[in-house]
Amino acid sequence: MAMDSASAEVAFECGCFLLYGDGRVERTSGMDTVPAGYDAGTGVTSKDVVVDAATGLAVRLYLPATQTEAPLASEPDGGVATTKLPVLVIFHGGYFVIGSPGCPDFHRYVNSEVAAARVVAVSVDYRLAPEHPLPAAYDDAWAALSWAASGVDPWLSDHGDLGRVFVAGASAGANIAHNVAVAAGARAVAPALVRIEGVILLHPSFCGEQKLEGEAEEFWRANKRRWAVIFPGARDGSDDPRINPMAAGEPGLAKLAGRRLFVSTASVDPLAPRGRAYCEAVRASGWPGKVEWFESRGEGHVFFVSDYGSHEAVALMDRVVAFVAGH
């Protein structure tokens with residue numbers, strides 16, 4: 001049977017996939033993976049762990065080369081104490097449609113961040129749209145954060161400081177990190193379960209029913225169509241607070257978990273106007289934490305993953321490492 005014109009219409013396209021108005025997707029790239037294991041370049045070791053077999057939720061854990069302190073006088077056998085490290089729960093990008101922790105470029109990026117910032121990382125393999133429309137990815141993110149905070153895995157219990165948890169993400173992953181931080185701040189039980197120290201949003205993906213000043217008209221309209229397909233149950237269209245946290249009357253920004261927020265944008269990224277507006281909105285919301293904003297000049301969206309090692313990518317990594325260290 002022939003498709004009607006609406007179902008055959010491309011709602012959003014990029015170099016990696018075609019997303020159709022009826023929810024079909026054709027992925028052309030962005031789904032390649034590399035295995036977990038030891039990375040000789042950074043000294044970081046990773047492993048894959050299934051969190052929920054029913055939903056398919058899994059994570060890739062990363063552990064930097066361990067360092068030990070001086071022998072403990074209180075230990076009768078002269079044992080040593082292993083320094084506890086901050087825990088970084090991180091979400092990959094990919095428009096909510098492609099990508100995974102095993103994506104070669106993203107895996108390399110996380111290896112580098114784990115080595116530089118000296119953190120135990122939990123990279124989340126959330127369900128992808130449109131097969132699993134939002135809020136599936138948000139549900140997976142909360143489940144993964146709760147699992148990490150429980151310290152059930154020995155890498156986390158032995159090496160992670162669960163009192164210093166950071167949530168982070170790139171692009172769509174930054175949108176997820178924001179929404180996880182809102183959920184953690186809003187839930188009465190969250191402080192006992194999840195203690196978030198800081199939030200790191202790298203080139204966050206947001207949208208809205210109204211175009212912002214500086215936002216390209218064509219991109220804004222295409223972005224709205226994408227959100228409509230991947231989140232058909234969104235209330236108020238792209239002014240759903242999970243898509244547009246700056247929507248009028250939304251209280252979520254004032255309830256962000258954590259004491260510090262780092263947001264990065266890139267000057268030629270079409271999503272940059274939303275990232276800048278987000279920072280301004282958080283500051284204006286009355287949120288009591290510290291907001292840091294950093295913009296990479298002359299760079300595009302999520303360049304730091306694909307253009308690894310460039311001057312601007314290194315500068316951004318240095319800022320992230322300093323943020324985690326509290327400098």
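## The sheet

In this predicted model, an open sheet is built from 9 strands. Their order across the sheet is 4-5-6-10-9-11-12-13-14, and the pairing is mixed. Which strands stand at the edges? They are strand 4 (38–39) and strand 14 (290–296). Each has a single partner strand, so one side of each is left without a neighbour in the sheet.

## An antiparallel pair

Strand 5 covers residues 44–52, and strand 6 covers residues 57–63. The two pair in the antiparallel sense, over 7 bridges. One pair of residues to find here is Asp48 and Arg60: Asp48 stands opposite Arg60 in strand 6.

## Strands 11, 12 and 13

Now move along the sheet to strand 11 (residues 160–170). It runs parallel to strand 12, and 6 bridges join them. Phe166 stands opposite Gly198 in strand 12.

Strand 12 (196–202) also pairs with strand 13, again in the parallel sense, over 5 bridges. Ile200 has Phe262 of strand 13 as its bridge partner. Leu202 stands opposite Ser264 in strand 13. Is strand 12 mostly covered or mostly open? It is mostly covered, with 7 of its 7 residues buried.

## Strand 13 and its two faces

Strand 13 (260–266) is mostly covered too: 7 of its 7 residues are buried. Which residues lie on each face? On one side are Arg260, Phe262, Ser264 and Ala266. On the other are Leu261, Val263 and Thr265. Both faces are covered.

## Crossing to the edge

Strand 13 runs parallel to strand 14, and 7 bridges join the two. Phe262 has Glu292 as its bridge partner in strand 14. Phe262 is also the bridge partner of Ile200. How does the chain get from strand 13 to strand 14, and which hand does the crossover have? The chain passes through helix 8, and this β-α-β crossover is right-handed.

Helix 8 spans residues 272–284. It lies across strand 12, strand 13 and strand 14. Against strand 13, helix 8 runs at about 155 degrees.

## Leu134 in its loop

Where is Leu134? Its place is in the loop between strand 10 (120–125) and helix 3 (136–150). Buried means under 20% relative accessible area. Leu134 has 5% relative accessibility, so it counts as buried.

Which residues does Leu134 touch, leaving aside its neighbours within four places in sequence? It is in contact with Phe96, Trp227, Ile230 and Phe231. Take Phe231: it is 97 residues from Leu134 in sequence. In space, the two are 4.8 Å apart, C-alpha to C-alpha.

## Helix 3

After the loop that holds Leu134 comes helix 3. This helix has 15 residues. From its first C-alpha to its last it reaches 21 Å, close to the 21 Å expected at 1.5 Å a residue.

Why is helix 3 described as largely enclosed by the rest of the structure? The reason is that 12 of its 15 residues are buried. Among them are Tyr138, Trp142, Leu145 and Trp147. Several alanines are buried as well, including Ala136, Ala141 and Ala148. Asp140 and Ser146 are also buried.

Just after helix 3 comes Gly151, which takes a positive phi of about 65 degrees.

Definitions and conventions
Residues are numbered from 1 along each chain as its sequence is written. This is a predicted model: local features need pLDDT of at least 70, side-chain atom pairs count only at pLDDT 80 or more; totals for chains, interfaces and linings use all residues. Side-chain values use heavy atoms; hydrogens and water are left out. Two strands pair if DSSP finds at least two bridges between them. Helices (H or I, at least four residues) and strands (E, at least two) are DSSP runs, numbered from the N terminus. Contact means heavy atoms within 4.5 Å. Axes are lines fitted to C-alpha atoms, for helices over the stretch in contact, and angles run from 0 to 180 degrees between N-to-C directions. Buried means under 20% relative accessible area, exposed over 50%, partly exposed in between (1.4 Å probe, protein chains only). A crossover is right-handed if, with the strands pointing away from the viewer, the path from the first strand over the helix to the second runs clockwise. The expected span of a helix is 1.5 Å times one less than its number of residues.
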